[in-house]
Amino acid sequence: MALALLVGAPTAGAAESPPVSRPAVLASFPHAQDAFTQGLVFLGEQLLESTGQRGASELRWVDLATGRVERAIALPPRWFGEGLAIDGQHRFIQLTWQAGQAIVWSRHGRKLGQWTYDGEGWGLTYDGEHLIRSDGSARLHWHSTTDFRPVHDLEVTDGDRPVRNLNELEWVNGYVLANVWQTRRVAVIEPATGRVVEWLDLSELDPHTTRRAENTLNGIAWLDDSQRLFVTGKRWGRLYEIEPPQRLLRGGATPAPQAAD
């Protein structure tokens, strides 16, 4: 099924608004409903998840098909877990919200060290060269993978308006995907300019989860080999595979639908 595209007419005098699409759901999978999801990423076929809340934050190894948590490492109770990325050395980098610490894990869960940064940590992704962090503002911050030193930052805009509350991030074939806190929309961002080139409207997903502000959509993971896109939310009972926008696909091929549970 093709994505439905909704394009609004631009306001006079304003920059043209990006198109809005409603991706089809290709499959859904169980998801642990106790997970206050902050970061979601694949290493090969293995799904990793960072969860939040002080005293409950973890790094989790998750079975995609069943949603079962196969392994979990608890963070210190004073830390609030946030975004999660995997760098080119297959290290897991996990942010903390207000502690200013990024934890560096080996792929097997051994703590390798931690880095300090200024400001808050919300989302994190890796573009093949640098780590990209969000902090709840309209800016994205690029960091070195050697010591997390700042490299540069960039404001994200929709037309001529800044897009605030950027949260969980995912790098997909040259674009940054970003959840926007307390919404069920994902911004597709052109990293050279910070311009939102498309919005994904996911407002119809997970209708059975209580619509509280803290239960927002948050969690984007890209399975690169098969070009599959997954999303979930904080305390959602399902994880969804959705149809990727055409601009995100290598070679323009649409992935085949998978069997839903």
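How many bridges pair strand S5 (residues 46-51) with S6, and in which sense do the two strands run? They pair over five bridges, in the antiparallel sense. This is a predicted model, and S5 and S6 make a handy way in, since both belong to an open four-stranded sheet with the order S4-S5-S6-S7. A second open sheet, a pocket, a cavity and a nonpolar core round out the tour.

**The S4-S5-S6-S7 sheet**

- Pairing across this four-strand sheet is antiparallel, and its edges are S4 and strand S7 (69-74), each of which pairs on one side only.
- On average, neighbouring strands here are turned by 20° against each other, if you ignore direction.
- Between S5 and S6, look for Ser50, which sits opposite Leu59 in S6.
- The hairpin of S5 and S6 has six residues between the strands, and Gln53 takes a positive phi near 85° there.
- On its other side, strand S6 (residues 58-62) pairs with S7, again in the antiparallel sense and over five bridges.
- Two of the partners in S7 are worth picking out: Ile73 is the bridge partner of Leu59, and Ala74 is the bridge partner of Glu58.
- The hairpin of S6 and S7 also has six residues between the strands, and in this one Gly67 has a positive phi near 75°.

**S6, covered on both sides**

- Five of the five residues of S6 are buried.
- In a regular strand, side chains alternate between the two faces of the sheet.
- One side of S6 carries Glu58, Arg60 and Val62, the other carries Leu59 and Trp61, and all of them are buried.

**A little cavity**

- Just one cavity of 30 Å³ or more turns up in the structure, and the volume of the largest cavity is about 30 Å³.
- Its lining is made of His31, Ala32, Glu49, Arg60, Val62, Gly67 and Val69.
- Arg60 and Val62 will be familiar from the buried face of S6, and Gly67 from the hairpin of S6 and S7.
- By class, the lining of this cavity splits into three nonpolar, two polar and two charged residues.

**The S8-S9-S10-S11 sheet**

- Here four strands form another open sheet in the order S8-S9-S10-S11, with antiparallel pairing.
- Strand S8 (81-86) and strand S11 (111-116) each have a single partner strand, so one side of each is left without a neighbour in the sheet.
- Neighbouring strands in this sheet are turned by 20° against each other on average, direction ignored.
- In the middle, strand S9 (residues 92-96) and strand S10 (residues 101-105) pair in the antiparallel sense over four bridges, and Ile93 stands opposite Val104 in S10.

**The largest pocket**

- The largest pocket comes in at about 460 Å³.
- It has 20 lining residues, and the closest to its centre are Val41, Phe42, Ile86, Trp222 and Asp224.
- Elements that give two or more residues to the lining are strand S4 (37-43), S8, strand S12 (124-126), strand S18 (166-172) and strand S22 (217-223).
- The lining counts eleven nonpolar, five polar and four charged residues.

**The largest nonpolar core**

- In soluble globular proteins, nonpolar side chains tend to be buried together.
- The largest nonpolar core here has 19 residues, and Leu177 and Val231 have the most contacts inside it.
- Two or more residues each come from strand S19 (175-180), strand S20 (185-190), strand S21 (195-201), S22, strand S23 (228-233) and strand S24 (238-242).
- S22 gives the most to this core, with three residues, and S22 also helps line the largest pocket.

Note on methods
Residues numbered from 1 in each chain as written. Predicted model: local features only at pLDDT ≥ 70, side-chain atom pairs only at ≥ 80, totals over all residues. Heavy atoms only, no water. 1 Å grid on protein atoms, 1.4 Å probe; cavity = no way out; pocket = protein on both sides within 12 Å on 5 of 7 lines; lining within 4 Å. Points joined across faces, edges and corners; volume = space filled by probe spheres on them. Nonpolar A, V, L, I, M, F, W, Y, C, P; charged D, E, K, R; others polar. Pairing = 2+ DSSP bridges. Axes fitted to C-alpha atoms, helices over the stretch in contact; angles between N-to-C directions. Core = buried A, V, L, I, M, F, W, Y, C linked by side-chain atoms within 4.5 Å. Buried < 20%, exposed > 50% of the residue type's maximum accessible area, 1.4 Å probe, protein only.
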